[in-house]
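Please open the structure in a viewer and keep the sequence panel visible. The tour moves from the whole chain to the bound ligands, with one selection at each stop.

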Amino acid sequence: MQMSHVFHHPLCCKLLLSRFAKNAPILSSLTNCVSQQAYRHRIHSSALPQFCQKGASASLLSTLHGHRYVSPINSCTTRHNSNEASSDTHKVQLTSERFPQLKRNDSYGRLNEADIEYFVKLLPGRVVSDEDELEGANTDWMYLARGSSKLMLKPKTTQEVSEILAYCNSRCLAVTPQGGNTGLVGGSVPVFDEIVLSTSLMNDIIHLDKASGILVCQAGCILESLSTYLEDHDLIMPLDLGAKGSCQIGGNISTNAGGLRLLRYGSLRGNVLGIEAVLADGTIIDCLSTLRKDNTGYDLKNLFIGSEGTLGVVTAVSIQCPPKPKAVNLAFLGCSSYENVLATYSECKNNCAEILSAFEMMDLQSMKFVTTNLGLSNPLGECPFYVVVETSGSDAQHDEEKLNKFLEVVMEQQYVMDGTIATEPSKIYALWQLRERINESMMKSGVVYKYDISLPLDVYYDVVIETRQRLGDNVLGVVGYGHIGDGNLHLNAVAPTLNKTVSDLLEPFVYEWTAKHKGSISAEHGLGFNKRNYIYYSKSDAAVELMALMKAKMDPKCILNPYKTIPVCKPASKQ
Ligand code: FAD
Ligand code: 2HG
Ligand code: ZN
């Protein structure tokens with residue numbers, strides 16, 4: 001349908017809504033989900049467990065988390081849940097075999113009977129050595145990294161984490177902290193036989209101050225469970241991401257996750273008010289402040305935000321939560337060129353300014369993956385680019401007027417060639433699926449080479465075009481999508497299997513391209529195992545050296561998440 005048929009009328013919203021209704025298939029694909037009412041600013045979802053009701057106790061939350069409550073999105077779609085065995089995981093090549101030049105450092109101790117006895121006494125019933133159960137914890141979400149840990153520990157309290165680390169430090173046993181295991185850079189799984197320290201049972205909500213919106217909780221709380229809990233108190237989490245049903249707030253903080261709301265609420269570095277963490281030697285650092293202002297010396301909590309489990313294990317967090325918006329609108333628009341995407345973004349900021357809560361971009365190739373591989377329906381015609389514009393405000397009429405004004409302008413200027421809007425939760429949810437599930441859809445075709453880069457907006461999409469030309473028929477597709485409002489591009493190349501020709505064409509090309517355009521080679525996913533050696537494209541030698549010094553000071557035996565984040569991480573005895 002041409003835009004002139006849709007938007008030029010002053011009642012464009014109503015027309016658009018009726019147009020949306022004609023696109024029933026996008027909704028029917030949701031019928032198997034746990035909850036069709038679920039949406040990003042969920043008010044209440046009747047199909048979800050009742051823990052989101054007022055007065056739900058923290059212990060009930062724990063019980064649910066103990067059973068690995070998975071979001072509606074993931075229960076429909078996710079390939080595996082962390083810590084659960086999947087027959088597929090056995091097919092993933094061991095990281096140690098994939099990188100035979102990388103050697104396990106023999107300074108690390110090897111688990112013995114006495115170690116197991118110690119842990120069993122400390123954590124009765126919460127020491128996992130069953131091989132099948134360990135498969136899930138050893139294998140990453142991407143099905144690309146697989147460790148061979150023989151032990152997973154599931155503490156419930158900070159004190160237990162402290163005792164575990166003090167013991168591991170004394171025995172020089174390496175440890176991989178793990179939250180929801182949704183990380184995309186191979187950071188959350190062991191490389192060799194590191195012990196997995198899972199925070200999945202550390203899922204109590206400690207306190208919510210309803211007046212200030214400050215939430216204090218344990219690190220293992222699942223992001224979506226927190227969102228659901230908060231919404232009953234007219235608050236929301238300041239972050240949201242496609243992995244919300246499995247990822248944990250401790251993992252979010254340890255990766256400094258960005259996601260879909262960063263444009264509006266800013267980074268976790270601004271929203272996290274306090275952190276409690278345990279250092280490698282077991283020392284508990286209590287910086288669990290709930291103050292918005294605290295300039296007493298160095299901002300230590302920021303050391304743990306984004307340090308990917310290499311400096312300490314985050315055990316609890318206090319976080320500032322914004323009020324739940326009373327009105328949410330979503331516009332799903334099609335653009336004929338990248339220039340028109342940018343022009344649409346500019347107009348959106350001009351017209352929707354304070355109510356804008358997300359501005360996301362996906363190209364036609366991304367759309368083809370979600371429609372072909374997941375059976376979702378594209379509500380629009382074929383357009384080279386699509387954008388998702390979300391507004392969140394406090395006055396439905398005011399917000400609608402602003403959105404309409406913006407739509408009128410972008411239609412008149414022909415920046416947008418087609419579009420649909422939604423105000424109903426179920427429709428908003430359905431439209432968000434098209435964007436949030438791109439990642440998952442590509443994996444159904446094979447192996448995904450993933451780049452998560454920050455770039456200036458004027459060159460943002462050029463790298464997709466160049467990469468596509470460069471890879472040609474060597475791959476099934478090259479797609480570009482992401483948080484364009486934050487300058488964050490997700491460049492993905494999909495191939496049937498891992499392939500040296502493809503990797504050699506991609507690396508270091510993508511990193512060099514990014515550095516040449518003054519971008520960052522990791523915008524939001526971190527470095528983990530996969531990208532640690534490329535850090536120099538985005539940080540000076542001196543900065544990396546300072547990181548290494550901090551690591552050596554805080555974890556002198558290098559037991560915390562070795563082989564991750566810092567390019568070379570040698571145990572103390574080898575230095
Ligand atoms: P894990 O994957 O378990 O761990 C991630 C890292 O943090 C590892 O290095 C681990 O050792 C460390 N870690 C975990 N918990 C702790 C702790 N308590 N203390 C110390 N270290 C710890 N990321 C984004 O930024 N934005 C997105 O929009 C986004 N969307 C995603 C969508 C999908 C479908 C998927 C699968 C992933 C997405 N991600 C995104 C990546 C991932 O979800 C995030 O990085 C998330 O924050 C990881 O949380 P987690 O609990 O799963 O952590
Ligand atoms: C997203 O924004 C996530 O969807 C995942 O950060 C990005 O898979 C990716 O490349
Ligand atoms: Zn992202």
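The stops below take the chain, then ligand 1, then the zinc ion.

**The whole chain**

Begin with the entire chain in cartoon view, bearing in mind that this is a predicted model. The chain holds 23 helices and 16 strands. Next, colour its 575 residues by burial: buried residues make up 61% of them. A surface representation shows about 22,200 Å² of exposed area, of which carbon and sulfur atoms supply 52%. If a contact map is to hand, consider the contacts between residues at least 6 apart in sequence; 76% of these join residues at least 24 apart.

**Ligand 1 and its shell**

Select ligand 1 and expand the selection to the 36 residues around it. Which of these residues come nearest? They are P177, G179, G180, T182 and G183. By residue class, the shell divides into 24 polar, 10 nonpolar and 2 charged residues.

Now display the polar contacts of the ligand, taking three residues in turn.

- At T255, an N or O atom of the side chain lies 2.9 Å from an oxygen atom of ligand 1.
- At G258, the partner is a backbone N or O atom, again with an oxygen atom of the ligand at 2.9 Å.
- At G187, a polar backbone atom is 3.2 Å from an oxygen atom of ligand 1.

With these contacts on screen, switch to a surface view of the ligand. On its own, ligand 1 has 970 Å² of accessible area, and the protein covers 96% of that. To see which secondary structure elements give two or more residues to the shell, select β3 (175-178), α11 (249-255) and β9 (313-320). Which element gives the most? It is α11, which contributes 5 residues.

**The zinc ion**

Move next to ligand 3, the zinc ion, and show the side chains of its protein donors, H483, H490 and E524. Each histidine offers its NE2 atom, whereas the glutamate offers OE. The distances from these donors to the ion run from 1.9 to 2.1 Å. In the sequence panel, the donor residues follow the spacing H-x6-H-x33-E.

Finally, select the two histidines for a check on their accessibility. Are they buried or exposed? Buried means under 20% relative accessible area. H483 counts as buried because its relative accessibility is 4%. H490 also counts as buried, because its relative accessibility is 5%.

Terms used: Residues numbered from 1 in each chain as written. Chains lettered and ligands numbered in written order. Predicted model: local features only at pLDDT ≥ 70, side-chain atom pairs only at ≥ 80, totals over all residues. Heavy atoms only, no water. Near = heavy atom within 4 Å. Polar contact = N/O pair within 3.5 Å; in protein donor to acceptor, adjacent residues only side chain to side chain. Areas by Shrake-Rupley, 256 points an atom, 1.4 Å probe, with all protein chains shown as cover. Helix = DSSP H or I, 4+ residues; strand = E, 2+ residues; numbered from the N terminus. Nonpolar A, V, L, I, M, F, W, Y, C, P; charged D, E, K, R; others polar. Donors = N, O, S within 2.8 Å, 3.2 Å for Na, K, Ca; no water. Buried < 20%, exposed > 50% of the residue type's maximum accessible area, 1.4 Å probe, protein only. Contact = heavy atoms within 4.5 Å.
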